[in-house]
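Trainee: I should like to study this structure step by step. May we begin with the cysteines and then turn to the ligand?

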Amino acid sequence: MKYISTRNDKVEFEFKDVFLKGLADDGGLYVPRSLIKYNSYELSELKNLNYNELSVEIISLFTGDFISKDDLISLVKKSYSTFREKEVIKISEIGKLKLLELFHGPTLAFKDIAMQLIGNLYEYYLNKNDQKINIVVATSGDTGAAAIDAIKGKSDLNIFVLHPNNRISSVQRKLMTTVHDKNVFNIAIEGNFDDCQKIVKSMFSDLEFSKSINMSGVNSINWARIIAQSVYYFYTYFKLNTDKAISFSVPTGNFGDVFAGYLAKQMGLPIDKLIVATNENDILHRAISTGDYISKEVKETLSPSMDIQLASNFERLIYYINDLDTLKTADIMKKINQNSYLIDKSNLDIIQKDFLSESCNEQETLDIIKKIYEQNNLILDPHTAVGVGAANKLSLNNCIVLSTAHACKFPDATNISINKHEKLPEALECVLDKEESFKVLKNDTEEVKNFIKSKV
Ligand SMILES: *Cc1c(COP(=O)(O)O)cnc(C)c1O
């Protein structure tokens, strides 16, 4: 399979480039030149595979000769052996709603599912190639922890994680800052998540710098994450054993997870609607319901992993709804960067064929947590609560909500709502008492560059 940038279809890339670089040199995101589409017979052939087998089938479509199927089989097995659920994910029911529990990995959020695999893909690549790689990643809390767990202790790899200082939960922070392996560096930026993302983006576009440290990224724009995440959409559909199309409600920040669902649909999976569920940072809800893609100040909410205004992966959707036209995509991205993009009617119609959206404010989120606790004796994390709230507002049939994090990661929200917090799984309790280490830096790209240079 060949890849191109969403902003230029003249140059082709291999999976290796896409995986190691994350972002194309022209600022665009990598997409496959063309997609494989399963017919219903081919889908039925996948139906009875277990999670690992299904992962191998789907991921191997995209990896070309980067990795042989046999090697991928053992790599997938190794990646998911760290999960507390044998089948990686779990489908549960709360009343009429179904939940897709994605948080049974080592750092308690769905991001482990892609990241464990990515860590092992790096190791696989470096075992065959004599190189050193520095991974730099911005996090709103969960990506960083998942990436650190996946990379810690691996040779020839360093990881630098930028998180917004004082704006993530203490459990989120401790899952990162209590890891003391020599190749792990935590940086707290005096700013918000968008600031962290901007610093990482500008370091990537400074080619002299990024090449000099052999910089690589694992943010949610990384295509390998998207394909690993599309697997659970397939798996869920097969497990629900239905002949009707199903809908998913997806708590959304950077549009990565929900884009993985869109990818599954493009590949032929019978998905009806993908619900983009946002908190008060509702730019995607405004965009999808009315075409208004004007960003505002980021608000801090109880669901911090979704406190994002500009969703990086939205660029991929823009590319697909504009008939794979890279010039048009580049043009629209210019408008977005000037904060002057309104989605036109014809594009909006196309988006609304596949997507619905809703937003839940803080009070609604708290109310959902309370209601579910009272009715079902289950504590939801606030991100999942937003997904449930959005699904309730839209009341679709056959809808399943992605449960993106374990409630213990976000005790603030549940303490306010029901005066209770979920305990950490036993194996992780020790994290709470361990010593932390991280470096606080100004919201300034040069300062971050200098810090990184001093460590590599
Ligand atoms: C990252 C994250 C999200 C948002 O996912 P995107 O792929 O950025 O849209 C939602 N919930 C939780 C718990 C997360 O960690």
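Mentor: A disulfide is a pair of cysteine sulfur atoms within 2.5 Å. Please keep in mind that this is a predicted model.

Trainee: Which cysteine sulfur is closest to that of C408, and how many disulfides does the whole structure have?

Mentor: The cysteine sulfur closest to that of C408 belongs to C430. The two sulfurs are 12 Å apart, which is too far for a bond because a disulfide needs them within 2.5 Å. A search of the whole structure gives a total of 0 disulfides.

Trainee: Is C408 buried or exposed?

Mentor: A residue counts as buried when its relative accessible area is under 20%. The value for C408 is 1%, so C408 is buried.

Trainee: What is the class of C196, buried or exposed?

Mentor: The relative accessibility of C196 is 0%. The limit for this class is under 20%, so C196 counts as buried.

Trainee: Which residue offers a side-chain N or O atom 2.9 Å from a nitrogen atom of the ligand?

Mentor: Backbone atoms also approach the ligand: an N or O atom of the N254 backbone is 2.8 Å from a ligand oxygen, and one of the D257 backbone is 2.9 Å from a ligand oxygen. The side-chain atom 2.9 Å from a ligand nitrogen belongs to T404.

Trainee: How much of the ligand's area does the protein bury?

Mentor: Taken alone, the ligand exposes 380 Å². Of that area, the protein buries 98%.

Technical notes: Residues numbered from 1 in each chain as written. Predicted model: local features only at pLDDT ≥ 70, side-chain atom pairs only at ≥ 80, totals over all residues. Heavy atoms only, no water. Buried < 20%, exposed > 50% of the residue type's maximum accessible area, 1.4 Å probe, protein only. Polar contact = N/O pair within 3.5 Å; in protein donor to acceptor, adjacent residues only side chain to side chain. Areas by Shrake-Rupley, 256 points an atom, 1.4 Å probe, with all protein chains shown as cover.
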